[in-house]
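Trainee: Please take me through this model one question at a time, and end each answer on what I asked for.

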Amino acid sequence: MNEPYTTHECDVLVVGAGGAGMRAAVAAAEAGCSTLVVSKSLLGKAHTVMAEGGVSAALGNLDGEDDWETHFADTMLGGQLVNNWRMVDLYARDVIDRVYELERWGGIFDRTDDGRIMQRPFGAHSWKRLCYVGDRTGLELIRTCQDKLVHTPGVDVHMEYTLTRLLKDGDRVCGAIGYRRNDGRFVAIKAGAVVLATGGWGRMFRHTSNSWEGTGDGAALAYNAGADLLDMEFMQFHPTGMMWPPGVRGLLVTEAVRGEGGILKNSDGRRFMLDYDAKKMELSSRDVVARSIYKEVKAGRGSPHGGAFLDIASVHDAVYIKSKLPSMYEQFHALAAVDITQEPMEVGPTIHYTMGGVRVEAETAATTVPGLYAAGEVAGGLHGANRLGGNSLGDILVFGRCAGIAAAEFAKSNGVRRNVSETEIAEEQRSMLAYLDDDGVKPVENPYLVHVDLQKAMQDDAGIGRSEESLTRALNAIGELRLRAARARVGGGRVLNPGWHTCRDLENMFVISEAIVRSALSRRESRGSQWRFDFENKDETLGQVNFAVRRDGEGMKVVGVPLELMPPEAVKRLAKSRFYDAATMPSYYRDAAPATSEAGA
Amino acid sequence: MTEMENPTATSTSDDLDPAQGLTGETLTLHVFKGEPGETGTEQAYEVPGVTGMVVLDAIHYIQRNLDTDLACRWNCKAAKCGSCSAEINGKPALLCKTRVDELPAGPITVRPLKAFPLVKDLVTDVSRNFEVNKEIPPFTPAKDDGKPWRVAQRDISRLREHRMCIECFLCQDVCHVLRDHDHSKRFYGPRFMVRVASLEMHPKDTLDRIDLTRKAGGMGYCNITKCCTEVCPEHIHITDNAIIPLKERYADRHWDPLRWVGRKLKGDGSKQAEGSK
Ligand code: SF4
Ligand code: SF4
Ligand code: FES
């Protein structure tokens, strides 16, 4: 017997209202589709607001040498050559238009003296490439997209909805079901196509710069519907999260601090990046900087709370710092009682971004399930084994748009299916409501505490450094925690009950955690963000493989998907990067690879 | 909520972060609990103090250990998203930006925003704000050749202040027009005066929203008490840099039509000059 539920119908359903979701919705609506956006939070609160550094696009406004090919090269090299090269190609070309488009939607950027968009240097980008406004570019982007969205005819927005299952008709996705957070009522949405734009997943780790929303809902929805999840082992540790006080541990300190000249020091006062990457120093790629800090701490040269010192005070004067990094100034001032214009900040690695995600086709953002699309952080492939700063704000605009266009096309040619399965809806309702039942299950578990233990297991055993042994431990822990979570019960009713919501979120977090651990086990090498203590080097064979996680009945299997290798003309482009080094090219690219960097250093 | 390990919880975690910084003090919070139609009560909770903790940390502790269904909105826990607005000791503030050690000793009272209808506990229905935003005509540039724009940094610097708004709606909550009187449907409120100002001062925008802001927007209801400016966590000078310039433009137009026409004729740049303070 079904509980009553509300039904909505639309051509394109967009799940998530960060930059990718909003850009997708605008594209779908402009293509003539009735478009429904559902978001877990209020509009404009999505994690996009946290992005501080900027959008990377090779406008060449400051460094005339820059072009999209160099951006392509930097992104591929940063991703350790396991990116989906076609996504990178499309990205580097298209993001330029997306930046100018954003400006025409009313978004503002800081300017050069002659009035063009200003660009700042950033880690592992060959040239000054990040377009920005102070250190609040994410906020600017989300507000601009939000205003565009609400004024685009054909778009409806439902805030504070959580979707828990995709509905299928045969092979094809035909809608979704979920609940309204604010009153606990169930909803069913019939849609011609679905775009997932739910962002990443950091909440299964203890030290994260992610909000509560980052529970991996989108990837779990896709996985349960039969889609592949790719590159799940690649989780980015941002090298500079706040360390102190405890309540803000993990909170992001923008890379723009280093972009503006900030220096990392250990407790001996040494600028230790000299010892790890003397070429790029503090602006080395994120995985390298994060590991360097980790190693300094392990060697006993850490800061009082287990990190390193980041010093901008001795590099610039107070006026400059406050104008270039106003939010950082405010953040440290308000939350840590530290004046960054006078003293160094204490920073350390924090889980920040998920390179992996739903496997998509480059040009259309189509997943392996018909009618289902994915864009932004929830999708995998663009960033390979490590993402460069500034490439995520661009990612959401470029691929959000691609997904919206492709989903609209699919919806138009295939129509909306009228029938949704009452059995599936009843099943979903039953499993949700069980958490509120006083059914005598013993011992009852507190979902928050199960979550804490999951975070501990993942942080300790599937975190910045991993081994077969630690990953196996994590896998066992996930299994045990799953059993405990099945006994999670909470009091209260269905109206905005965060304990109840946490019970359901845990199910997603288990799927994602298991996918991360199984993929990390399969990648028996160190590459980019994946650091295996037991396999310290790169393995050329694995450089030609992406691991995909797939649902197999009730179990999960990992399959190696051969990487589509770059054609020779793309390999040649790599030499445009200042960070190109012919000696590190894998043998399968060596024939096409130029002997030296064209850019010089 | 990741960071507030709790030593007394029945968690199996054994490696409590040694840097967790328990202060040894116990805090008392009086938190509003209730749903519409009920009377609602202030519930007392005791929470262990931690160095540098903000009120949101205490709420998370309560959710995790004492009352799993206590409702509160939050996202970033970094004062950047504007989700966690509430009234702390009677004053509108962000839960994630209010440090416990900066509040006076004694119990901390936490209640939902008063100007908006209650949903549950600390959560209110702020949908009216989203409706207002829809009523304001969006950014509309002139049709041109599509080449990248040239804009002066000076214009951007001025806009940056308005664009910092995180839509926490604390200013909407504190404004007496929206709060005490039943004028909430007749006045857009300070947040949207900021929004209009940011559009009006954008050098590439071509629309004119001044009359609309006065009529539908109810700008005249604002009597410049500056309460909104005082609570803004982004330190936006809402009154001085948004409301007063808009009021002046309106006054100019209706009391000094010649000056207004003169400004209009100067084209794009005049929009900037008018708004600058
Ligand atoms: S200055 Fe105007 S808008 Fe601000 S609180 Fe006072 S009356 Fe409201
Ligand atoms: S103007 Fe200030 S107080 Fe008002 S909503 Fe924006 S950030 Fe909040
Ligand atoms: S949680 Fe984002 S402002 Fe407080």
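Mentor: Helices and strands are DSSP runs, of H or I over at least four residues for a helix and of E over at least two for a strand, numbered from the N terminus. The model is a predicted one, in which local features need pLDDT of at least 70 and side-chain atom pairs count only at pLDDT 80 or more, while totals for chains, interfaces and linings use all residues. Residues are numbered from 1 along each chain as its sequence is written, chains are lettered from A and ligands numbered from 1 in the order in which they are written, and side-chain values use heavy atoms, with hydrogens and water left out.

Trainee: Is A:Gly381 buried or exposed, and what is its relative accessible area?

Mentor: A:Gly381 belongs to the loop between strand 16 (372–374) and helix 10 (391–414) of chain A. Buried means under 20% relative accessible area, exposed over 50% and partly exposed in between, with a 1.4 Å probe and protein chains only. By that cut-off A:Gly381 is buried, because its relative accessible area is 2%.

Trainee: Which residues is A:Gly381 in contact with, leaving aside its neighbours within four places in sequence?

Mentor: The C-alpha atom of A:Gly381 is separated by 9.1 Å from that of A:Glu361, 20 residues apart along the chain. Contact means heavy atoms within 4.5 Å, and, with those neighbours left aside, the partners of A:Gly381 are A:Asn83, A:Asn84, A:Met87, A:Asp231 and A:Met355.

Trainee: How far apart are the end C-alpha atoms of helix 7 of chain A?

Mentor: The expected span of a helix is 1.5 Å times one less than its number of residues. Helix 7 of chain A (residues 286–298) has 13 residues and should therefore span 18 Å, and this agrees with the separation of its end C-alpha atoms, which is 18 Å.

Trainee: Which elements do the buried residues of helix 7 of chain A pack against?

Mentor: Those buried residues include A:Asp287, A:Val289, A:Arg291 and A:Ile293. Just after the helix, A:Gly300 takes a positive phi of about 85°. The buried residues of helix 7 pack against strand 11 (235–242), helix 6 (256–259), strand 12 (263–265), strand 13 (308–311) and strand 14 (345–354) of chain A.

Trainee: Which three residues in domain 1 of chain A lose the most area to domain 2 of chain A?

Mentor: The domain bounds, from an automatic or database assignment, are 241–350 for domain 1 of chain A and 427–541 for domain 2 of chain A, and the C-alpha centres of these domains lie 30 Å apart. Buried area is the accessible area (1.4 Å probe) that two parts lose on being put together, summed over both, and here it is about 470 Å², with 78% from carbon and sulfur atoms. On the domain 1 side, 82% of what is buried comes from A:Asp287, A:Arg291 and A:Tyr294.

Trainee: How much area do domain 1 and domain 2 of chain B bury between them?

Mentor: In chain B the assignment gives domain 1 (3–124) and domain 2 (127–274). Their contact takes 15 residues from domain 1 and 16 residues from domain 2. Carbon and sulfur atoms carry 57% of the area buried between these two domains of chain B, which is about 1100 Å².

Trainee: How many charged residues does the shell around ligand 2 have?

Mentor: The residues that surround ligand 2, each with a heavy atom within 4 Å of it, include B:Cys165, B:Glu167 and B:Cys232. Ala, Val, Leu, Ile, Met, Phe, Trp, Tyr, Cys and Pro count as nonpolar, Asp, Glu, Lys and Arg as charged, and the others, Gly among them, as polar. The shell around ligand 2 has eight nonpolar residues, no polar ones and, as charged residues, one.
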